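Biologist: Got a minute to go through this one with me? Put it up on the screen and let's start with the charged pairs.

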Amino acid sequence: MSAYNLLGAINSLFIFISVLGVYSQLRKIWGRKRTLKAGDATAILSLNQFAISFLAYFSFFVYGYSLTPVNHYLLWPRLAAAVLVVVILYEIFRDRRSRLARFCFGMAMISLVLGIAGFIGLDSIGPRTKLVSTILIVAITLLLAQGYAHQILLIIRSGSTGAVDIRMSQFILMMDISTITFACSMGVADGWPLSLLACVSGITKLIIMYLFYWVRVSPRALARREALTG
């Protein structure tokens, strides 16, 4: 087995582990829905962050089938993750009933359907698809940094992690480290978009994981929680 196939298989494994992390977040939302009133089940969760996370998974799904040959290590795990994030966006919409939440869920659903249709019609994909998907990945990397910064600020301002699930951050961090390694085996020309996004994602996950510790030990975090609860 070549280094590319070995690292690709390992990366796929870690991506599926990250999918378990996303599912863990979804289960936490479902659990909170059973005990909390409407609007509280998804408290502190950043709609911004999850919308951008969907775009990140989705862009690599498209990038995977725009390569020649198709990169199945990128394709299928990202599709599974994108589907789960769409379900989370749906739950946020159901919980908050805001126009923005409805727009984000609708945007994700339409994008997913069009992306799958593009894969089914693979023979009709033009040579510019890779360039377009690469530009999309760079743009999404910037948006991802902004989205996770928003989630980080929500935690800091409230002094609470709310509905945020630490296992999702832990599993995605493992995926990011594996993705960087796999990207190196792909070569600079094909692998640099993966490395860029994975580095940004990994740094933000480390910060969020630290904030789980911060909210437990910081007097400032306690004061902010007490101020919000009255």
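Modeller: Sure. A salt bridge here is a side-chain nitrogen of Lys or Arg within 4 Å of a carboxyl oxygen of Asp or Glu. The side chains of K37 and D40 fit that, with N to O at 2.7 Å. Keep in mind that this is a predicted model.

Biologist: Are K37 and D40 buried or exposed?

Modeller: K37 is exposed, with a relative accessible area of 59%. D40 is partly exposed, at 25%.

Biologist: OK, and how many salt bridges are there by this rule?

Modeller: The count is three. One of them joins K33 to E91, with the closest N and O atoms 2.9 Å apart.

Biologist: Where do K33 and E91 lie, and what does the pair tie together?

Modeller: K33 is in helix α1, residues 3-35, and E91 is in helix α3, residues 72-96, so the bridge links parts that are 58 residues apart in sequence. E91 is buried, with a relative accessible area of 5%, while K33 is partly exposed at 33%.

Biologist: And what does R167 pair with?

Modeller: R167 forms a salt bridge with D165, and the closest N and O atoms are 3.7 Å apart. D165 counts as buried, at 4% relative accessibility, and R167 is partly exposed at 45%.

Biologist: Switching topic: how many disulfides does the structure hold?

Modeller: Zero. Take C199: the nearest cysteine sulfur belongs to C184 and is 8.7 Å away. A disulfide needs the two sulfur atoms within 2.5 Å, so C199 is in no disulfide.

Biologist: Is C199 buried or partly exposed?

Modeller: Partly exposed, at 36% relative accessibility. C104, on the other hand, is buried, with a relative accessible area of 8%.

Biologist: Now the inside. Which residues of the largest nonpolar core touch the most other members?

Modeller: That core has 60 residues, and F50, F54, Y57, L89 and L194 touch the most other members. At least two core residues come from each of α1, α2 (47-66), α3, α4 (99-120), α5 (129-158), α6 (166-186) and α7 (188-217).

Biologist: Which helix gives the largest share?

Modeller: α2 does, with 14 residues.

Biologist: What is L89 in contact with, leaving aside its neighbours within four places in sequence?

Modeller: L89 contacts L47, F50, A51, F54, C104, F105 and A108. So C104, the buried cysteine at 8%, turns up again there, among the contacts of L89.

Terms used: Residues numbered from 1 in each chain as written. Predicted model: local features only at pLDDT ≥ 70, side-chain atom pairs only at ≥ 80, totals over all residues. Heavy atoms only, no water. Buried < 20%, exposed > 50% of the residue type's maximum accessible area, 1.4 Å probe, protein only. Helix = DSSP H or I, 4+ residues; strand = E, 2+ residues; numbered from the N terminus. Core = buried A, V, L, I, M, F, W, Y, C linked by side-chain atoms within 4.5 Å. Contact = heavy atoms within 4.5 Å.
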